[in-house]
Protein chains: 6
Amino acid sequence: MPMVQINVWKGFEQEKVDYLIKNITKVFTEVDVPAEAVEILIYEVPKSHWGVGGESCSIKFKDIGPKE
Amino acid sequence: MPMVQINVWKGFEQEKVDYLIKNITKVFTEVDVPAEAVEILIYEVPKSHWGVGGESCSIKFKDIGPKE
Amino acid sequence: MPMVQINVWKGFEQEKVDYLIKNITKVFTEVDVPAEAVEILIYEVPKSHWGVGGESCSIKFKDIGPKE
Amino acid sequence: MPMVQINVWKGFEQEKVDYLIKNITKVFTEVDVPAEAVEILIYEVPKSHWGVGGESCSIKFKDIGPKE
Amino acid sequence: MPMVQINVWKGFEQEKVDYLIKNITKVFTEVDVPAEAVEILIYEVPKSHWGVGGESCSIKFKDIGPKE
Amino acid sequence: MPMVQINVWKGFEQEKVDYLIKNITKVFTEVDVPAEAVEILIYEVPKSHWGVGGESCSIKFKDIGPKE
C-alpha cells in the first residue's frame, strides 16, 4: 500500500516517467508512507484512444503533446 | 467527472473507437453531465491476454473479432 | 469483451446508473458488439477523493453535483 | 491527461488525501503538465480486501495503519 | 509485480476473499513469482452498479449471489 | 462477475499467461463461482514504467525477470 496507476498520453518521455516515480513516491513519504511500500504503474494511452468532450485528443489536442 | 475506462480486444478499428467516444459522451449528456467533463480512455488488450471461462479468447473466440 | 469501468461522483442517482448501463450497451451494439458481451462496472468516488487541478472536487465543485 | 488512480487502505485521513491531491498535481506541473489537466481519483480499500504474500493486510499488517 | 485487481459483487463473503488471496497467490508461485511480490486488491461493486447485456445484475441476476 | 485485471512486467511468457487464466479461474470455481462468469484481463507493463520505492524496476530489478 499504496498502489498508484497513472495514465498518460503515449510518447510521454522516459525521463518524465522516472521523475514522476521518484517524486510521487516522495510525496507519499511526506504523509508517513514508507517509500518501499509505494508501487506506481504508468500506462501510455494513444491520444487517438483518449476522448475528452466527445472527441479524441489526437484531434482535439493535435497541437499539444506527442504527435501521433 | 465522469471518467470512463474501456477495454476492448486488440485490433478494434479506429472508427469504432471514435464512434464510442462520441456516442458514449452523448449518453452522459442525456443525464445532465456536460460533454466537456467526460473523459474516456480505451485500452486494447490482445485476445491472448483476455480469459473467459479459463481459456484465452484467442482460442475460445478464434473465429470472432480481430485475428491474432 | 468489452469491459467498461465508469467512475462517477458518489451520490450519482440509481436511475442515471441504469440509464448509462442500458444506453452505453446500445452504443456498443451499434458497432456490432453483441449486448450480452458488454460488461459495465460503475464506481462511486466521493468528491472529497476526486482531485482536479490540485484541489478536491468537494471544494472546487462544491455547488455542482451531489452534496457531501 | 494525465489521469491518476490511487489505492490506499481504508481509513486514510482526509488531510492526507488533500495533501496527495495538491502535491502530486504539483509534481506533474514540474514536468510541464498543466495543473488543470491533472485528475486524481483515490480509492479506499479495506485491509481485509488487500492481499500481500497470500495474506490479507488486516492480518499481515494488523499493527500498521488504520485499525479494522 | 504482479498487481491483481479483482471486482466482485458486493456481499462476497470474507472467507472467500481470504481464499482468493491465498490461492491466487499460490497460482503465481507456480509460475515462479515469489509470493511476497503478489499484491491483490479486491473491490466489492453493488449488483445495481454492474451491468451485463444492458441491464443491472440486481435485476438480471436477482436470484443469484448476494441480495441487495 | 468476477472481473479480474492483472498487471505483470512486459515480457511475461504466453504459457504463463495461459496458466494464470486457467488456474485463477479454477480458484474461483472452488468458491462456487461458475468458470464461464470469470473474466481475466492481463496487462503487460514495461519495467521502465513500474516504480517501487521511488525507482523504476528496470533499474531496481534489472537482473530479475524479462530484460528491457
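Which rotation superposes chain A on chain D? In this predicted model, a turn of 180° does so, with 0.0 Å of shift along its axis and an RMSD of 0.0 Å. The legends below follow chain A to its partners.

**Figure 1. The axis between chain A and chain D.** Since chain A is superposed on chain D by a rotation of 180°, the two copies are related as by a two-fold rotation axis. The residue of chain A that comes closest to the rotation axis is A:Q5, with its C-alpha at 2.5 Å. The contact draws 22 residues from chain A and 22 residues from chain D. Of the interface residues of chain A, 100% are also interface residues in chain D, so the copies meet through the same surface.

**Figure 2. The surface buried between chain A and chain D.** The size of an interface is often expressed as the accessible area that is lost when the parts come together. For chain A and chain D this area is about 2,000 Å², with 74% of it on carbon and sulfur atoms. Three residues, A:M1, A:V27 and A:V31, provide 28% of the area that chain A buries against chain D, more than any other three residues.

**Figure 3. Polar and charged pairs between chain A and chain D.** Side chains of opposite charge can pair when their charged atoms come close. Two salt bridges are found across the interface of chain A and chain D. One of them joins A:K16 to D:D32, with the closest N and O atoms 3.9 Å apart. Seven residue pairs are in polar contact across this interface. On the side of chain A that touches chain D, the elements giving two or more residues are β1 (3–9) and α1 (14–29). By class, that side has 16 nonpolar, three polar and three charged residues.

**Figure 4. Strand pairing between chain A and chain D.** Strand β1 of chain A is joined to strand β1 (residues 3–9) of chain D by five bridges, and the two strands run antiparallel. Within this pairing, A:M3 stands opposite D:N7.

**Figure 5. The axis between chain A and chain F.** A turn of 120°, with a shift of 0.0 Å along the axis, lays chain A on chain F with an RMSD of 0.0 Å. The two copies are thus related as by a three-fold rotation axis. In chain A, the C-alpha nearest this axis belongs to A:Y43, 5.6 Å from it.

**Figure 6. The interface of chain A and chain F.** Here 16 residues of chain A are in contact with 12 residues of chain F. Chain A and chain F bury about 1,100 Å² between them, and 51% of it lies on carbon and sulfur atoms. The residues of chain A that lose the most area to chain F are A:I21, A:E36 and A:L41, which together account for 35% of what that side buries. One salt bridge is found across this interface: the side chains of F:K60 and A:E36 meet at 3.0 Å, N to O. There are 10 residue pairs in polar contact between chain A and chain F. On the side of chain A that touches chain F, α1 and β2 (39–45) each supply at least two residues. By class, this side comprises eight nonpolar, three polar and five charged residues.

**Figure 7. Strand pairing between chain A and chain F.** Strand β2 of chain A pairs with strand β3 (residues 50–52) of chain F in the antiparallel sense, over three bridges. In this pairing, A:I40 stands opposite F:G51.

Note on methods
Residues are numbered from 1 along each chain as its sequence is written. Chains are lettered from A and ligands numbered from 1 in the order in which they are written. This is a predicted model: local features need pLDDT of at least 70, side-chain atom pairs count only at pLDDT 80 or more; totals for chains, interfaces and linings use all residues. Side-chain values use heavy atoms; hydrogens and water are left out. Copies are superposed by least squares on the C-alpha atoms of residues with pLDDT of at least 70 in both. Contact means heavy atoms within 4.5 Å. Buried area is the accessible area (1.4 Å probe) that two parts lose on being put together, summed over both. A salt bridge is a side-chain nitrogen of Lys or Arg within 4 Å of a carboxyl oxygen of Asp or Glu. A polar contact is a pair of N or O atoms within 3.5 Å; within protein, one must be able to donate a hydrogen and the other to accept it, and residues adjacent in sequence count only if both atoms are side-chain atoms. Helices (H or I, at least four residues) and strands (E, at least two) are DSSP runs, numbered from the N terminus. Ala, Val, Leu, Ile, Met, Phe, Trp, Tyr, Cys and Pro count as nonpolar, Asp, Glu, Lys and Arg as charged, and the others, Gly among them, as polar. Two strands pair if DSSP finds at least two bridges between them.
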